[in-house]
Amino acid sequence: MPETMNKTFNDCGVIERYREFLPVTDATPVISLGEGSTPLIHSPKLSAITGGEVYVKYEGLNPTGSFKDRGMTMAISKAAEEGAHTVLCASTGNTSAAAAAYAARAGMKCAVLLPAGRIAGGKMVQAYIYGATVVAIRGNFDDALRLVRELGETGDFAIVNSINPYRIEGQKTAAFEIIEELGNAPDIHILPVGNAGNITAYWKGYKEFKELGRSHKLPKMLGVQAAGSAPLYHGAPMDNPETVATAIRIGRPASWDGAINAVSESGGCFEIVEDSEILAAQKWLASNEGIFVEPASAAPVAALFKCFNRSGKTTQCDSCPFRKVQPGAKVVLTVTGHGLKDPDTAKHAVTAPIETEATAAAVREALAKIG
Ligand SMILES: *Cc1c(COP(=O)(O)O)cnc(C)c1O
């Protein structure tokens, strides 16, 4: 690839955009696919429900379809700097997609450990098409991560799970973008929590920009878990987490302390939502705002609905940050992954099409029936 072309391409990723706030030097080869700089979409309908101004940070528009790319550009760039040949990760699907893509670009081998039979179809395809070696283990994500930690000790692999601190560094750039776009931090930030790397990263990003005077406040952090997979909400690890939202089906979050810290320092809380609420919110967001997300990413929307009834009054617990939401307060929801990652789970929204003869008259007749 011509030198100039490579430079232009890399200039648009999060490392180049936020180089001065990241642990990189001139000696770090930047492995980028142009991640980050995702849209922050104002939602008039969610704003009306809450009485605040609600924005959706659409992380599904990253190169491999989830926010994991922000952390992976850092993890893979540092692995390349350190001369790694093979990267390894445990994944519920999106980390493996990102690791495989960035490793491919870096010319490294990538091995991924996935819970057998529990990976969304789109994510599985991504691992293979980017050329990763896929190992399906008979266990869940927590088992996979335990094995990765063990295998990492041999020094044969560079581990690119969020226990790798460079992942957190890359992911904090999402908070920087939000501050730059709004001119300040929001009042409340809501996001799904699985392994808890992302809530840790956002909180780090918000605090760093506040210290630098780039924002004048910190948001309250609201971490959302699925009811069947809610170790942080209950304050204890879980052995058999279950939820339709496979990206947050995690019983022993690696960044436990980071998540607790973000919620307690910010005066936020953890919330839980049922799978049925997640699927309803997924459908609502797609059909009302045109934003199609995977189930885990719909959890913050479900939490918002749980915290407000449709007339805009808070309905929830004493610690709910929404109790004190002032009119016009700014609320940001991170929707973490694209809906096309997991089309099977979205089949609840699919009905049989109306089949007609191939004539305009027949189509008009069919459409008349739907009014
Ligand atoms: C990884 C992931 C999450 C959970 O993020 P953590 O950092 O593990 O808490 C949520 N949604 C999607 C789509 C993900 O890929």
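This is a short talk on the salt bridges in this structure, which is a predicted model.

Searching the whole structure gives 21 salt bridges. I will go through three pairs and then one network.

Start with helix H4, residues 68–81. Here Lys-78 and Glu-81 form a salt bridge, with N to O at 3.0 Å. The two residues are 3 apart in the helix, so about one helical turn separates them. Are the partners buried or exposed? Lys-78 is buried, at 7% relative accessibility. Glu-81 is partly exposed, at 30%.

The second pair is Glu-169 with Lys-204, and the closest N and O atoms are 2.6 Å apart. Glu-169 sits in helix H8, residues 165–171, and Lys-204 in helix H10, residues 197–211, so this bridge ties together parts that are 35 residues apart in sequence. On accessibility, Glu-169 has 13% and counts as buried, because the cut-off for buried is under 20%. Lys-204 has a relative accessible area of 31% and is partly exposed.

Helix H10 comes up again in the third pair. The side chains of Lys-207 and Glu-265 meet in a salt bridge, N to O 3.0 Å. Lys-207 is in H10 and Glu-265 is in helix H12, residues 256–266, so the bridge links parts 58 residues apart in sequence. Lys-207 is partly exposed at 25%, and Glu-265 is also partly exposed, at 43%.

Last, the network. Which residues are joined by salt bridges that share partners? They are Arg-17, Lys-57, Glu-59, Arg-70, Glu-177, Glu-180 and Arg-214, in one network.

Definitions and conventions. Residues numbered from 1 in each chain as written. Predicted model: local features only at pLDDT ≥ 70, side-chain atom pairs only at ≥ 80, totals over all residues. Heavy atoms only, no water. Salt bridge = Lys/Arg side-chain N within 4 Å of Asp/Glu carboxyl O. Helix = DSSP H or I, 4+ residues; strand = E, 2+ residues; numbered from the N terminus. Buried < 20%, exposed > 50% of the residue type's maximum accessible area, 1.4 Å probe, protein only.
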